[in-house]
Amino acid sequence: MIGYNCKYAPIEILSGFGETAQLINNEADNFDYSSSMLHPNMCSHAKAMLEDIHSEDHNELLFMNCCDSSRRVMDAVKTKNRRFVYSIDLPSCGNACAVERFSEDILDFIKAYEKHSKKEFDREKFLASFQEGGTLPQGKYIAVMGARSNNTLLSVAKKIFSNADILDLTCANNRNVVMPTVAENETLEEIIEKYAKALLSQLPCMRMQDIRQREMLLDGENCLGIIYNTVKFCDYYDFEFSHLKGLSVPIIRVETDFTSQSYGQLLTRLEGFAETLEDNTEKKEVKINMSGKYYVGIDSGSTSTELLALDKEGNIAKSVMVRTGANAAAGAQSALEKAGISKEEIIKLVATGYGRKNIDFADDNVTEITCHARGAKHLFPEVRTIIDIGGQDSKVISLDENGKVTNFVMNDKCAAGTGRFLENMAKVLELNIDDMAEIGLKYKNDLTISSMCTVFAESEVVSLIAENHSVPDIVHGLNKSVAVKTNALAKSAKDFSFVIMTGGVARNKGVVSELEKQLKTTLHIPEQPEFCGALGAALIAAEK
């Protein structure tokens, strides 16, 4: 089995030697090996490829030299004693000159493998190896674009968009090489020139100069939306994303790091995206208990679980908060018990938050994106932008005049700028979180905490304590760092005419004050900012 990295790789040539090829595109459990061979800020997919090559012991490799990261992987694998490692430069277009050069490189590859394998290239086996590859959907579809997709991203997309096809237009997939008819008297050079042209005639990746074929697929009513995938430490595709944002097709950008731990965050992002689209997901059967008394929303977050219950008239009857603990379902049950609500008293229960899928007694679950939008619109009809800073993540949600979500962004896996960041810093300063919310307003010196990473920021705070800086000054520096991080996230929003802030961090007056300075606007804070998502879930329960 010979490993390869790119859909333009001439893998049919290997069939002419009786060999098979395998795309190297697996996710990694960790980057232990690749971290010792590559720079730590190298593209995550490159590191995952190196982990795959190392674990599977691919002793034969055919690589297309298509980017700097691919070249670095080739440099790393050549340091090991492998039987055969070969690279071919990838042209950036399919014109006559590029085809001629590419065909010459493929002929050189044939000679190199003949020398290595001691086998003679069999043109009949080569011509018999062509198979139909990726096909274009006939009905509605979601286009996955950008950098290489991984199995987790595609499986989550297929699960959520069950009523639409998933069209993978990322750089290594949708391989479809159509070989034209070959005459008996044609020379090998003539055959390989046709083959080179067929390889370069595939649906283009973003490496190619002419990408009109890609963009034509986005023009029409069959394309419901675009999932634009970027890989951590790979900025190559940013310019295409900026261009696509100008189209009328709904688009969401996600970032993956080619590890197997991305499922939860991808699920939330893509479900939130699905809820902004119309008629694209399967309608769920509505379960109701008309003998009940309450419409209940439960927001199961990383640190706390909020429950809010509406009575049949739509008034808030109960609201409680408990620690989530190690089990989302147990946290939700604890919230019901604290509220004094039995399951028989619930007309309908909608769960939201990261733990929503694990609350098995919920009648339905909706992402926190949609629930925060619904709750915010109910509290402040004028709202256009929501900034939610919770225990685990931060979100910025944009709404239209009707309260429909038009765009949203979330932070990555890092805890910087979240409630967990402030909780950790409060422990270092020996403060409780309530005192920390006030003390930062009493600062005298404008300190700056430069490290956004929670671990590095903790070291910086310890150093500031050792330098005898006051606690109010240090807390102010922390508040400012959260505001800077959130402001960078908020740049995606366009309308700051009416902004509300939700989540537990909205109770921190120092953060709110610094964020208002950063955004140059006033933040409106709900009376119970932690309950906005639970309120939205309860309202959705009542509407359904």
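Two strands count as paired if DSSP finds at least two bridges between them. Keep that rule in mind while walking through this chain, which is a predicted model.

Start with the whole chain. Its C-alpha atoms fill a box of roughly 85 × 65 × 40 Å along the principal axes. The secondary structure comes to 19 helices and 18 strands. Of the 544 residues, 56% are buried. Now look at the contacts with a separation of 6 or more: 69% of them link residues 24 or more positions apart.

Next, the surface. The chain exposes about 24,600 Å², and carbon and sulfur atoms supply 47% of that area. As for charge, the chain has 60 positive and 77 negative charges. The mean positions of these two groups are 2 Å apart.

Now zoom in on one sheet. Strands of a sheet pair through backbone hydrogen bonds, either parallel or antiparallel. Here, four strands form an open sheet with parallel pairing. Read across it, and the order is β6-β5-β7-β8. Strands β6 (165-168) and β8 (251-256) are the edges, because each pairs on one side only under the two-bridge rule. From one strand to the next, the twist averages 25°.

Take one pair from this sheet. Strand β7 (residues 223-231) runs parallel to β8, and six bridges join the two. To find one bridge yourself, locate Y228; its partner in β8 is R253.

Finally, add a helix to the picture. Helix α7 (residues 151-160) lies across β5 (141-146), β6, β7 and β8. Compared with β6, helix α7 runs at about 155°.

Key
Residues are numbered from 1 along each chain as its sequence is written. This is a predicted model: local features need pLDDT of at least 70, side-chain atom pairs count only at pLDDT 80 or more; totals for chains, interfaces and linings use all residues. Side-chain values use heavy atoms; hydrogens and water are left out. Buried means under 20% relative accessible area, exposed over 50%, partly exposed in between (1.4 Å probe, protein chains only). Contact means heavy atoms within 4.5 Å. Accessible areas come from the Shrake-Rupley method with a 1.4 Å probe; for residues, only the protein chains shown count as cover. Lys and Arg count as positive and Asp and Glu as negative; His and the chain ends are not counted. The place of a charge is taken as NZ of Lys, CZ of Arg, CG of Asp or CD of Glu. Axes are lines fitted to C-alpha atoms, for helices over the stretch in contact, and angles run from 0 to 180 degrees between N-to-C directions.
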